[in-house]
Amino acid sequence: MEQTKSKVQHAANEDEDITACTLFAGDLSSVCTETHLFELFSPFGEIDQIRIQKSKKNVSLGYAFVTMKDPASAFNAMTSLNGLLLYGRKLRLGYAQHHAKIDSESIMKTRINSLYFRFTCINGITTKEEVENIFNMLESGETTPSDYPDFEENPEDGIIIGLVTEEIIREIFSPCGQINDVSIRRIVAEKGVKRGYGFIHFNDINGVISALENMKQVFKDQTLFVLEPSKNLQQQLTAIENGELDPSNIENVIITNNETENNTEKKKEKKKK
């Protein structure tokens, strides 16, 4: 019995050491490689592992895990490199939840300031209600992108319908609070339909709450933007609303929105089948 307890304690200590040495590196450019990250982090100490997360098609998901040899090296790298401009994007660093399923207690200790957003634009459709209705029909397979006229590649008036950039996302949602970064993960243009999704990373939880309360759906330039909280974020917001959690006591640890991203990928797989 004592031997079993000792093994369990040893494993727990190992997990704690790994967590203190492992950094989450978010909002990476698609051109950023593990070699680039090695060159960036190696001045701060010995590196055990660098792993950029990729999709089944071997495409970068825009984030990585960097494991340093010791906690001091990880801390120094995080404090020195967080916010650094790397290939046109601001590097977002924080301690990672190492290969663990996040339980309720972890969620209550972790700051989640990121919101998932999706956007849809259908050429020739100019009202929010119609776009939302057609989006639902596209999701259910009742209609297809080919049912709508193609977008003009070079419109005479110079106005590109359905144009979505990081600057546009910032312009729309910055009234809710300071935005640290915006990452657009996917834009797909099929015939007369443009769709995509990404993440908005606010500076604090107040920006997240304001965005969900005031701008959950935004219709701008013929494009419908919809904000959605992940299950983990919703659990945290509910605890704050019920007075069970004080936002000022939440630790500055970053969790990726894998749950939402994985759900998106699963939906795509179901449609293919």
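These are my notebook entries on a predicted model of one protein chain.

**Entry 1: the chain as a whole**

I began with the overall counts, and found nine helices and 11 strands in the chain. Of the 273 residues in the chain, 41% are buried. I then looked up how the contacts are distributed along the sequence: taking those with a separation of 6 or more, 72% are between residues 24 or more positions apart.

**Entry 2: helix α5**

I checked the length of helix α5, residues 128–140, against the expected rise: at 1.5 Å a residue its 13 residues should span 18 Å, and the end C-alpha atoms are 19 Å apart, which agrees. Which residues of α5 are buried? I noted Val 131, Ile 134, Phe 135 and Leu 138. Viewed down the axis of α5, these buried residues fall within an arc of 110°, so they line one face of the helix. The general rule behind such a pattern is that an α-helix has 3.6 residues a turn, so residues three or four places apart point the same way. Just after α5 I found Gly 141, which takes a positive phi of about 85°.

**Entry 3: from Leu 138 to Val 193**

I followed one residue of α5 further, namely Leu 138, which lies in that helix and has a relative accessibility of 7%; with the cut-off for buried at under 20%, Leu 138 therefore counts as buried. Its C-alpha atom is separated by 9.6 Å from that of Val 193, a residue 55 positions away along the chain. Val 193 belongs to strand β9, residues 193–202, and is buried, with a relative accessible area of 1%. What does Val 193 contact, leaving aside its neighbours within four places in sequence? I listed Cys 121, Ile 122, Leu 138, Pro 145, Tyr 148, Phe 151 and Val 188, so that Leu 138 of α5 appears in the list because its heavy atoms come within 4.5 Å of those of Val 193. I also looked up the pair Val 193 and Thr 144, which are 49 residues apart along the chain and have their C-alpha atoms separated by 8.7 Å.

**Entry 4: helix α8**

In α8 I found Asn 232, Leu 233, Gln 236, Leu 237, Ala 239 and Ile 240 to be buried. Around the axis they cover an arc of only 160°, which puts them on the same side of α8. On the face turned away from that buried side, α8 carries the exposed residues Lys 231 and Glu 241. After α8 comes Gly 243, with a positive phi near 75°.

**Entry 5: the crossing of α7 and α8**

How do helix α7 (residues 205–214) and helix α8 (residues 231–241) lie relative to each other? Their axes come within 12 Å and cross at roughly 95°, which makes α7 roughly perpendicular to α8. On the side of α7 the contact is made by Ile 205, Val 208, Ile 209 and Leu 212, and on the side of α8 by Leu 233, Gln 236, Leu 237 and Ile 240. Sorting the residues of this contact by type, I noted seven nonpolar, one polar and no charged. The four that α8 contributes, Leu 233, Gln 236, Leu 237 and Ile 240, are also among the buried residues of that helix.

**Entry 6: positive phi outside glycine**

Most residues other than glycine have a negative phi, and I therefore looked up two exceptions. Asp 27 has a positive phi near 60°, and its place is in the loop between β1 (22–26) and α2 (34–41). Asp 221, which is not a glycine either, has a positive phi of about 50°, and lies in the loop between β10 (217–220) and β11 (223–228). Are these two aspartates buried or exposed? Asp 27 is buried, with a relative accessible area of 3%, whereas Asp 221 is exposed, with a relative accessible area of 60%.

Definitions and conventions: Residues numbered from 1 in each chain as written. Predicted model: local features only at pLDDT ≥ 70, side-chain atom pairs only at ≥ 80, totals over all residues. Heavy atoms only, no water. Helix = DSSP H or I, 4+ residues; strand = E, 2+ residues; numbered from the N terminus. Expected span 1.5 Å × (residues − 1). Buried < 20%, exposed > 50% of the residue type's maximum accessible area, 1.4 Å probe, protein only. Arc of directions from axis to C-beta. Axes fitted to C-alpha atoms, helices over the stretch in contact; angles between N-to-C directions. Parallel < 35°, antiparallel > 145°, perpendicular 65-115°, else oblique. Nonpolar A, V, L, I, M, F, W, Y, C, P; charged D, E, K, R; others polar.
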